[in-house]
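Me: I'm new to this one and would like a walk through it. Can we take it step by step?

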Amino acid sequence: MSATRRLPWLLLPAGLFVLGIYAWPTLLLLRNAFNEVGPTGAMVEAMSLKTATETFADGFTFELTWNSLWLSATATTIALALSYPLSLFLFRTTSRWRGILAVIAILPMLISGVVRVFGWLAILGDRGLVNGLLQSLGLISAPLKLVFNWTGVTIGLAESIMPYMILALLAGFGQLDRTLEEASRSLGASPARTFLRVTLPLSLPAIVLAAGLGFVLSMSAYITPKLLGGGRVFVLATEIFEQATTNTNWPVAAVLALYTLALLLVLLALSNLLARRLRR
Amino acid sequence: MPTRRLILKTGLATIAMPAVLRAQSLSGQITLMSYSGIFQDNYTKTVIEPFMAAHPGVKVNYAPGGSSAQMVGTIRAQKADPQVDVTIMDVTTSTIGNIEGLFDKLTPAEFPVLDELLPEARAAGGEYGPAVTFDNLVLVYDSALTPPLTKLADLWRPDLKGQIALAAPPNIQGLALTAMVEKMEGGDYRKSIDAAMKKLRALAPSVNTFEPNPDGYSLILNGVVKVATGWNARSQIYGDQSNGKLVSLLPPEGSVFQINTINLTAGSKNRAAAAAFIKHALSQPAQKAFTERMFYAPANGKAQIDPKAAARTAASPENRARMIGVDWNDILKVRDQWNNRWRREVIAQAGR
């Protein structure tokens with residue numbers, strides 16, 4: 001057997017692992033989606049589409065979808081706007097601190113999501129760092145409402161996806177050819193024009209890849225909307241948790257989980273398709 | 001020649017022998033699943049440790065189970081191979097477990113202690129595990145608040161704008177609050193909650209968070225809010241631990257019982273020890289010890305509670321008179337409907 005033909009065997013351990021911890025529970029989830037819940041909340045074993053039909057007939061499901069998409073879009077846009085220049089700097093810098101700076105940029109990934117969120121509460125709360133500073137400067141008389149609402153969730157989520165997007169951008173910047181930018185400058189283009197006409201188009205595949213990743217991570221984010229939303233931010237991830245662990249309604253939770261999974265797969269496929277087209 | 005003392009000792013030993021033999025014959029381990037934190041700490045000291053002292057052959061493992069819904073989820077997932085023998089959880093979820101066949105029925109023949117329980121404690125579980133503790137919804141507030149809270153209607157005070165943390169449905173605190181506000185407005189939750197919704201809609205802009213994390217008590221102690229909804233037992237404990245910074249109020253407009261039931265898992269691997277533990281947990285000494293330690297009202301009507309401790313629970317006649325008769329089984333049926341109304345009519349009014 002040639003080395004090339006043996007190569008797929010390398011996938012076997014990971015394949016078995018995924019099968020055990022992902023595929024099997026997903027199948028159980030699918031089974032639960034066909035169950036029903038009685039009037040007292042007790043689960044009834046069934047093979048019916050009643051739960052799915054009722055879930056999709058409820059306008060709130062589409063409100064949740066829209067909320068999730070909107071939140072993901074805003075958080076991803078903010079994160080991208082902050083991550084792109086930062087990543088470009090890290091990619092281009094020749095500083096001896098480059099490695100350390102890159103580690104600092106992705107350091108939040110190493111901290112628990114819950115801890116990060118409580119950090120944001122300390123920063124954005126009524127008596128937090130931001131409101132304290134603004135009040136001490138006399139810029140505001142009453143604290144701004146920055147947490148327990150959409151603002152807080154959007155800020156927290158943008159921060160939480162930034163490290164992943166930075167990594168994706170750094171990986172995607174491989175196609176950035178410095179000589180093309182130098183050629184543009186030598187032909188008289190200003191730095192801004194060079195950026196808009198050369199750098200940005202060349203980095204579009206990286207942007208799409210990073211945005212896709214950020215969007216998908218935002219769609220499935222649970223901790224940030226749950227802890228920073230103050231019960232005002234309803235998205236698919238929080239609703240799935242609520243149905244499973246507060247209402248004991250596993251069938252509805254299963255239907256919503258599979259629906260979210262399908263949405264995420266479609267979004268990932270679209271993002272990959274777009275990135276591939278841009279690379280051509 | 002046998003003395004009178006020897007005869008007396010022999011007689012007493014003969015009477016006590018069956019109980020001693022029973023205690024000695026129990027062995028192995030059982031797992032109790034219930035709430036974590038101060039509940040676990042205090043329940044271990046006042047109920048579990050005395051049980052293990054009386055039954056040296058039995059080890060009780062305490063498994064913190066998260067919320068009641070998470071606990072019933074765990075029992076449901078382990079139905080084919082139960083790992084938990086006894087569960088203490090909220091009646092709204094134990095009812096689900098009873099219907100799904102996750103728990104065993106308890107008979108007075110096997111559990112004579114059932115006859116010592118208050119009628120409402122027996123009624124809570126029906127033929128299944130009865131109530132083991134009663135708690136009630138209270139308002140908790142910062143002692144620095146002036147003027148202090150004296151009634152539920154005070155929540156609508158303009159000076160409390162942005163200073164309130166309340167747990168909205170599906171959290172049972174939110175469900176209980178709905179019934180309380182409806183009663184305050186002169187209605188009856190069994191007929192309609194329209195009046196409560198209207199009143200709560202007006203309260204929405206004053207609410208800082210509808211989902212206090214980690215809980216309302218912490219938010220007050222950390223200065224994030226001044227008022228929150230809470231449970232009496234924990235409020236009493238945290239009030240003591242904070243040297244009075246946290247004050248609790250049982251609103252004169254009325255409150256609602258939260259009931260924890262004790263449940264024997266169907267197919268328990270050590271049923272005899274699990275049953276013995278349930279008998280012990282419902283017994284007068286265990287009920288007295290836990291109530292006096294943590295201020296849950298007892299389920300055993302014969303438990304002689306220290307009057308000072310009883311006054312801090314819903315067990316005292318004065319507090320008991322304020323309780324609104326709520327049938328949680330009724331509320332379970334309308335929980336989703338109430339939840340949706342809260343989202344659309346109350347939380348939506350609080351702004352994004």
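Reply: Sure, and one definition comes first: a residue is buried if 20 or more other C-beta atoms lie within 10 Å of its own. Keep in mind that this is a predicted model.

Me: Is Thr248(A) buried or exposed?
Reply: Thr248(A) lies in the loop between α12 (236-245) and α13 (250-279) of chain A. The cut-off for burial is 20 or more other C-beta atoms within 10 Å. Since Thr248(A) has 27 C-beta neighbours inside 10 Å, the label that fits is buried.

Me: And what is phi of Thr248(A)?
Reply: Thr248(A) is not a glycine, yet its phi is positive. The value for Thr248(A) is about 55°.

Me: How many C-beta neighbours does Phe148(A) have inside 10 Å?
Reply: You'll find Phe148(A) in the loop between α7 (129-136) and α8 (150-172) of chain A. Phe148(A) is a residue other than glycine with a positive phi, near 60°. Phe148(A) counts as buried because its C-beta neighbours inside 10 Å number 31.

Me: Stepping back, what percentage of chain A is made up of buried residues?
Reply: Chain A has 13 helices and two strands, and its C-alpha atoms fill a box of roughly 75 × 75 × 30 Å along the principal axes. Of the contacts in chain A between residues at least 6 apart in sequence, 71% link residues at least 24 apart. As for burial, chain A has 280 residues, and the buried share is 34%.

Me: Which element supplies the largest share of the side of chain B that touches chain A?
Reply: The contact between the chains draws on 21 residues from chain A and 28 residues from chain B. On the chain B side, at least two residues each come from α3 (68-77), α4 (91-99), β6 (207-209) and α14 (328-346). The largest share there is five residues, and they come from α14(B).

Me: How many residues of that side of chain B are charged?
Reply: Split by class, the side of chain B that touches chain A has eleven nonpolar and twelve polar residues. The charged ones number five.

Me: How is α4(B) oriented relative to α14(B)?
Reply: The two axes come within 10 Å of each other and cross at roughly 85°. Angles of 65 to 115 degrees count as roughly perpendicular. So α4(B) and α14(B) are roughly perpendicular.

Me: Which residues of α14(B) make that contact with α4(B)?
Reply: From α4(B), the contact uses Val91(B), Thr92(B) and Thr95(B). By class, the contact of α4(B) with α14(B) has three nonpolar, three polar and no charged residues. On the α14(B) side, the residues are Trp328(B), Asn329(B) and Leu332(B).

Me: How many residues of α4(B) are buried?
Reply: The buried residues of α4(B) are Val91(B), Thr92(B), Thr93(B), Ser94(B), Thr95(B), Ile96(B), Gly97(B) and Asn98(B). Their cover includes α3, β3 (86-90), α5 (119-125), α6 (172-184), β9 and α14 of chain B. That leaves α4(B) mostly covered, and out of nine residues the buried count is eight.

Me: What residue with a positive phi follows α4(B)?
Reply: Look just past α4(B) for a phi near 80°. The residue there is Gly101(B).

Me: How far apart are the centres of the two domains of chain B?
Reply: Chain B is divided into domain 1 (11-134 + 258-318) and domain 2 (136-257 + 321-350). Taken over C-alpha atoms, the centres of domain 1 and domain 2 of chain B are separated by 29 Å.

Me: Which element gives the largest share of the side of domain 1 of chain B that touches domain 2 of chain B?
Reply: Here 16 residues of domain 1 of chain B are in contact with 15 residues of domain 2 of chain B. On the domain 1 side, α4, β9 (257-264) and α13 (317-320) of chain B each supply at least two residues. The largest share is three residues, from α4(B).

Me: Where does Pro147(B), which has a cis peptide bond from Thr146(B), lie?
Reply: The bond from Thr146(B) to Pro147(B) is cis, with omega near -10°. Pro147(B) sits in the chain B loop between β4 (131-142) and β5 (164-165).

Notes. Residues are numbered from 1 along each chain as its sequence is written. Chains are lettered from A and ligands numbered from 1 in the order in which they are written. This is a predicted model: local features need pLDDT of at least 70, side-chain atom pairs count only at pLDDT 80 or more; totals for chains, interfaces and linings use all residues. Two residues are in contact if their C-beta atoms, placed from the backbone, lie within 7 Å. Helices (H or I, at least four residues) and strands (E, at least two) are DSSP runs, numbered from the N terminus. Ala, Val, Leu, Ile, Met, Phe, Trp, Tyr, Cys and Pro count as nonpolar, Asp, Glu, Lys and Arg as charged, and the others, Gly among them, as polar. Axes are lines fitted to C-alpha atoms, for helices over the stretch in contact, and angles run from 0 to 180 degrees between N-to-C directions. Angles under 35 degrees count as roughly parallel, over 145 as roughly antiparallel, 65 to 115 as roughly perpendicular and the rest as oblique. Domain bounds come from an automatic or database domain assignment. A residue is buried if 20 or more other C-beta atoms lie within 10 Å of its own, exposed if 12 or fewer, and partly exposed in between; C-beta atoms are placed from the backbone.
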